[in-house]
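Q: I should like to learn how to read strand pairing, burial, enclosed spaces and cysteines in a model. Could we take these topics in turn?

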Amino acid sequence: MDIVKKTFLNDGVVLLKNVWDHDTIQAIIEEYDREIIKILREDIPKNQPVIVLWRHVEGERKKIGLFSEFPKLWSFIKDIIAPKVRKFIVTQNERLRLLETVIFSKPYKISNKIHWHQDTSTWPLKPNNQFAVWIPFEKVDKESGALHYALGSHKHGIRRSVELSTNKPYKDDKRKLIPANPEKKGYIVKCMEMNPTDMLCHHGNTWHSSEPNKKSKKGRRGLSVRFIVGEAKFNPNPGQAATFVNQIEIKKGEKIEAKAFPTI
Ligand SMILES: O=C(O)CCC(=O)C(=O)O
């Protein structure tokens, strides 16, 4: 088996270095810098995929971008990221859908920690067969808010949802918690130092966290693109706060099919 797929299956995360050139990602960053200052929208449209614009600053509200405002990002996902994940992570004939796109921003000094969590716990899907790609807009290391992963944690099921900035568990969610410090429980924790020409790919169950940005005066932006593999039904659980819940009107057990989740 290819080493990338093997690492993804064993560790629940794989880092791919130098997967595109500087100009390719620079065009996406410039589009973001141009659009982010104009976007005030907080409503979530039902009939199209959206981009969640999320600053990790206590008290701030998420803004919602549209792909009509970010056409370069749309082509980047469709024509560059999707073929790479098809090559390395999923097989050619599996259905791949865009589940969610988020741009996380950690401004210098005022950003907060994102506590240990896994993506699947916030998504009401059955089967919860999803994975994510993460790409930084600037060089990242431990002091500037790089992502940390608990290797192999994806093998231990779906855990309880927590409030990401405080680590407070959602009240009615009865599932088992992710430990506050996975290293103390024997996990190897890896800090992913990266450049904007690199791409991380993590399984939806893999525990991950990020520290505040105490170093990069330019900020620390990260593009997260989540995909769903194959078919899924709606399976709500308390504590699931994913943006997309506002984009569908279906009952538990019904198949998820919506314009918000285009096949890629
Ligand atoms: O960008 C970050 O710091 C958090 C990213 C994250 O948690 C995710 O992509 O699931």
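Q: Which residue stands opposite leucine 96 in β12?
A: Strands of a sheet pair through backbone hydrogen bonds, either parallel or antiparallel. In this predicted model, leucine 96 faces valine 229 of β12. β4 and β12 run antiparallel and are joined by 10 bridges.

Q: How many bridges join β7 to β12, and in which sense do the two strands run?
A: Seven bridges join β7 to β12, and the strands run antiparallel. Within this pairing, glutamine 130 has isoleucine 228 in β12 as its bridge partner.

Q: How should I read the two faces of a strand such as β12?
A: In a regular strand the side chains alternate between the two faces of the sheet. For β12, one side carries Arg220, Gly222, Ser224, Arg226 and Ile228, and the other carries Arg221, Leu223, Val225, Phe227 and Val229. Both faces are covered, and the residues named on either side are all buried. The count for the strand is 10 buried residues of 10.

Q: Where is valine 52 found, and is valine 52 buried or exposed?
A: Valine 52 belongs to strand β2, residues 50–55. Its relative accessible area is 2%, and the cut-off for burial is under 20%, so valine 52 is buried. A separation along the chain can be set beside a separation in space: valine 52 and valine 133 are 81 residues apart along the chain, and their C-alpha atoms are separated by 15 Å.

Q: In what order do the strands β5, β8, β9 and β11 form a sheet?
A: The four strands form an open sheet in the order β5-β11-β8-β9, with antiparallel pairing. β5 (114–117) and β9 (189–192) are at the edges; each has a single partner strand, so one side of each has no neighbour in the sheet. From one strand to the next, the twist averages 20°.

Q: What joins β8 to β9?
A: Strand β8, residues 147–150, is joined to β9 by four bridges, and these strands run antiparallel. One position to inspect is tyrosine 149, which stands opposite lysine 190 in β9.

Q: How many cavities does a search of the whole structure find, and which residues are closest to the centre of the largest cavity?
A: The search finds four cavities of 30 Å³ or more. The largest cavity holds about 140 Å³ of space. Its lining has 14 residues, of which Phe104, His117, Trp134, Leu147 and His208 are the closest to the centre. At least two lining residues come from each of β4 (96–106), β5, β11 (208–210) and β12 (220–229). By class, the lining comprises four nonpolar, seven polar and three charged residues.

Q: Which residues line the second largest cavity?
A: The lining consists of Pro49, Val50, Leu98, Leu99, Glu100, Thr101, Gln247 and Ala260. The volume of the second largest cavity is about 50 Å³. β4 gives the most to this lining, with four residues. Five of the lining residues are nonpolar, two are polar and one is charged.

Q: What lines the second largest pocket?
A: A pocket, unlike a cavity, is an open set of points. The second largest pocket contains about 170 Å³ of space. Its lining is made up of Lys5, Phe8, Leu9, Ile89, Val90, Glu94, Asn129, Gln130, Phe131, His203 and Val229. Two elements, α1 (3–11) and β7 (130–136), give two or more residues to this lining. The largest share, three residues, comes from α1. The lining divides into six nonpolar, three polar and two charged residues.

Q: How many disulfides does the structure hold, and why is cysteine 191 not bonded to cysteine 201?
A: A disulfide is a covalent bond between the sulfur atoms of two cysteines. The structure holds zero disulfides. The closest cysteine sulfur to that of cysteine 191 lies in cysteine 201, 18 Å away, which is too far for a bond; the cut-off is within 2.5 Å. Cysteine 201 is likewise in no disulfide, with the sulfur of cysteine 191 as its nearest cysteine sulfur.

Q: Is each of these cysteines buried, partly exposed or exposed?
A: Cysteine 191 counts as partly exposed because its relative accessibility is 24%. Cysteine 201 counts as buried because its relative accessibility is 0%.

How values were computed. Residues numbered from 1 in each chain as written. Predicted model: local features only at pLDDT ≥ 70, side-chain atom pairs only at ≥ 80, totals over all residues. Heavy atoms only, no water. 1 Å grid on protein atoms, 1.4 Å probe; cavity = no way out; pocket = protein on both sides within 12 Å on 5 of 7 lines; lining within 4 Å. Points joined across faces, edges and corners; volume = space filled by probe spheres on them. Nonpolar A, V, L, I, M, F, W, Y, C, P; charged D, E, K, R; others polar. Buried < 20%, exposed > 50% of the residue type's maximum accessible area, 1.4 Å probe, protein only. Pairing = 2+ DSSP bridges. Axes fitted to C-alpha atoms, helices over the stretch in contact; angles between N-to-C directions.
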